[in-house]
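Me: I am new to this one, so could you walk me through it? Please show me the sequence and the structure before we begin.

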Amino acid sequence: MDFKVKIGSLTLKNPILLASGTVGYGNEIAEFIDLSKIGGIVTKSISLKPRKGNPPQRICETPSGMLNAIGLANVGVEIFLKEKIPFLKNLNTTIICNIAASTIEEYVECTKILNEEESIAAFEINVSCPNVKEGGLEFGNNLEAVGRITEKVKSVTNKPVIIKLSPNVSRISDFAKVVKDNGGDAVSAINTLVGTSFNIWTRKPKIKNITGGLSGPAIKPIALAKVLEISRNVDIPIIGIGGIMDWKDVVEFMIVGASAVQLGTVNFVNPYASIEILDGLKNYCEKMSIKKISDLTASYIL
Amino acid sequence: MVIEKARIESIQKLSNYYYLIEVFSPLIAKEIKPGQFCNIKVTDTNYPLLRRPFSICDVDANKLIFVFDVHGEGTKILSSKKKGDELDILGPLGNGFTIEGKYDLAILIGGGIGTAPFPYLTKKISSDVDIISFIGGRTKEHLIKYQMKNIHLATDDGSEGFHGTIIDLFKMELKNFINKKIRIFACGPTPMLKALQQISLEQNLDCQLSVECAMACGFGICQGCPIEKSNGDGYYLVCKDGPIFDADKILF
Ligand SMILES: Cc1cc2nc3c(=O)[nH]c(=O)nc-3n(C[C@H](O)[C@H](O)[C@H](O)COP(=O)(O)OP(=O)(O)OC[C@H]3O[C@@H](n4cnc5c(N)ncnc54)[C@H](O)[C@@H]3O)c2cc1C
Ligand SMILES: Cc1cc2nc3c(=O)[nH]c(=O)nc-3n(C[C@H](O)[C@H](O)[C@H](O)COP(=O)(O)O)c2cc1C
Ligand code: FES
């Protein structure tokens, strides 16, 4: 059975990636699972300088989901390279480095520095974090900005560049098209949806930031619709993300157009999920006589 | 850290508000220390989605014992479990209390369900050390006396023990211990911990606080559980760096 998938020029040993911000820098989850078994790991968004993140309360639970406003807490490029990469590069899995920034120049600067690190196989550019004041969502909402970021980042690296799209827009496929037109190699869809939750007794928001990003099974139907929309309108590899809890969800994402997927919130609930999902996929492919898992991609019948 | 499918051996009501649940969980029982916690999945569906953190209350050979209050949806489901049901438990998590070191008197201060981690702590503190337990609650139904030693009680409504907060009672009695080498272990609602933190900073007391906050993962991957460092250098993660902190290390 062939589990390999291609995202542009990037080959993954299987389609299961762990999503940015939901596995830290890999070390904690490595206590549960053998990370060399999975397709790859997308690191927590890295910014040029360290970020402290937002004050508490940062998270709250919602029906079958959660809201978070972590605020891109991260160690910054320098410490990432010095302290986090040594662990990651020994893992024998694909490392995709996710970058967040407040200005286009900062995206470029970050990419330039990280590009020197051989063990980083590709970049995922986060233009869609809903929880920071500057940049973040505003970029993700702006077609021209997404195009410019793609083009500028591409101009400083030969490694594959994946743009992580915001679902908080009216037509996500327009953004995927802009990415493609500016030389981007793939898109990740989706980042979290803007949501909020209030305490009815105090009338105050449950998270300090007031709004947060909604993730988990609650967003799966939306994520599937976004992946399908991109798949039907733009010829670009898609990494599907949003509410995946088990192998069936992965199959569904691949059918609607994803070449690979990322697991997010499920890691919090079940740190073994990625390995269990791989087993489930193997059984499914056997049962369905599927020889190459990549044949599932965009195999929908309308 | 492991996930163990643990069979419920017993579930009983301790009072109108609190339940005690005993589960067969040999892998975690072997490892867990006082003050550490476990993250329990109360259903095998996606609602409620996240695991719930519970302090280890006691360990009896292969069994883990938890005490919980019915707070919302998740703990309501937990309270409806039956003997023989399975629970999916992730643990041990967190750092646990520091028991080592030299002190003659351990003062345990618990507010409401915050008394939960103390039975196991009581068991594990060296027998050379005296223990005094200060237990507070809103009413007498909120006092957890299970397995505690040398108990002093306070209730907000005066229905049992001292009429007032447990910190008021502790403050009044503190002078009786001040010539001993004491170590304070505390767990309870944030206002209680904050009041105690202030006293211990003013009087330079050796004091460990067990902090509560909403968590998604419980083992350091989501960054969802920050608490500010007192030195101004960013945040600790309550789940990994805590939940136990020396009183001078954190800012509420
Ligand atoms: C380290 C630690 C140890 C704990 N030990 C115990 C214990 O031994 N016994 C016990 O009864 N309770 C304990 N708690 C609190 C317990 O986790 C919450 O009461 C429980 O999660 C509430 O879940 P629910 O679904 O009933 O409530 P809901 O209010 O419906 O829960 C909604 C969400 O908020 C979170 N949440 C709600 N209240 C709290 C709270 N007080 N602290 C943290 N998260 C909260 C839940 O985890 C959940 O994600 C502990 C909390 C922490 C952080
Ligand atoms: C706590 C948390 C932190 C996140 N941090 C980041 C981040 O730093 N960068 C990023 O691109 N996405 C981040 N995300 C978004 C996830 O990578 C993913 O796109 C989203 O959670 C949807 O997938 P899920 O429903 O499987 O969780 C974060 C999500 C969560 C829940
Ligand atoms: S609860 Fe996830 S990092 Fe602490």
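Me: How do the residues of the shell around ligand 1 divide into nonpolar, polar and charged?
Reply: The shell around ligand 1 holds 10 nonpolar, five polar and five charged residues. Here Ala, Val, Leu, Ile, Met, Phe, Trp, Tyr, Cys and Pro count as nonpolar, Asp, Glu, Lys and Arg as charged, and the others, Gly among them, as polar.

Me: Before we go on, what kind of model is this, and how is it numbered?
Reply: This is a predicted model, in which local features need pLDDT of at least 70, side-chain atom pairs count only at pLDDT 80 or more, and totals for chains, interfaces and linings use all residues; side-chain values use heavy atoms, with hydrogens and water left out. Residues are numbered from 1 along each chain as its sequence is written, while chains are lettered from A and ligands numbered from 1 in the order in which they are written.

Me: Back to ligand 1, then. Which residues come nearest?
Reply: Of the 20 residues around ligand 1, the nearest are B:Pro53, B:Val67, B:Gly74, B:Thr75 and B:Glu212. A residue is near a molecule or strand if one of its heavy atoms lies within 4 Å of it.

Me: Why is the site of ligand 1 shared between chains?
Reply: The site is shared because the residues that surround ligand 1 come from chains A and B.

Me: Which elements of chain B supply at least two residues of that shell?
Reply: Strand 4 (52-55), strand 6 (63-69) and helix 2 (73-79) of chain B each do so. Strand 4 of chain B gives the largest share, four residues. Helices (H or I, at least four residues) and strands (E, at least two) are DSSP runs, numbered from the N terminus.

Me: Which atoms of chain B lie opposite polar atoms of ligand 1?
Reply: A side-chain N or O atom of B:Arg52 is 2.9 Å from an oxygen atom of ligand 1. A polar backbone atom of B:Gly72 is 2.8 Å from an oxygen atom of ligand 1, and a backbone N or O atom of B:Ser55 is 2.9 Å from a nitrogen atom of the ligand. The protein buries 84% of the 820 Å² that ligand 1 exposes when taken alone. Accessible areas come from the Shrake-Rupley method with a 1.4 Å probe; for residues, only the protein chains shown count as cover.

Me: Now ligand 2. Where does ligand 2 lie?
Reply: Ligand 2 lies between chains A and B. Around ligand 2 there are 25 residues, and the closest are A:Ser20, A:Ser45, A:Lys164, A:Gly243 and A:Thr265. The shell around ligand 2 divides into eight nonpolar, 15 polar and two charged residues.

Me: How far from an oxygen atom of ligand 2 is the polar side-chain atom of A:Thr265?
Reply: The distance for A:Thr265 is 2.6 Å. A polar side-chain atom of A:Asn98 lies 3.1 Å from an oxygen atom of ligand 2, and a backbone N or O atom of A:Ile190 lies 3.1 Å from an oxygen atom of the ligand. The protein covers 98% of the 610 Å² of accessible area that ligand 2 has on its own.

Me: A:Ile190 caught my eye. Where is it found?
Reply: A:Ile190 is in the loop between strand 10 (186-189) and strand 11 (193-196) of chain A. The peptide bond from A:Ala189 to A:Ile190 is cis, with omega near 15°.

Me: What about B:Pro48?
Reply: The peptide bond from B:Tyr47 to B:Pro48 is cis, with omega near -10°. B:Pro48 belongs to the loop between strand 3 (37-41) and strand 4 of chain B.

Me: Another topic: is B:Asp88 buried or exposed?
Reply: B:Asp88 counts as buried because its relative accessible area is 16%. Buried means under 20% relative accessible area, exposed over 50%, partly exposed in between (1.4 Å probe, protein chains only). B:Asp88 is in strand 7 (residues 86-93) of chain B.

Me: Which side chains does B:Asp88 contact?
Reply: The side chain of B:Asp88 makes a polar contact of 2.7 Å with the side chain of B:Lys5, and a polar contact of 2.7 Å joins the side chains of B:Asp88 and B:Arg51. A polar contact is a pair of N or O atoms within 3.5 Å; within protein, one must be able to donate a hydrogen and the other to accept it, and residues adjacent in sequence count only if both atoms are side-chain atoms.
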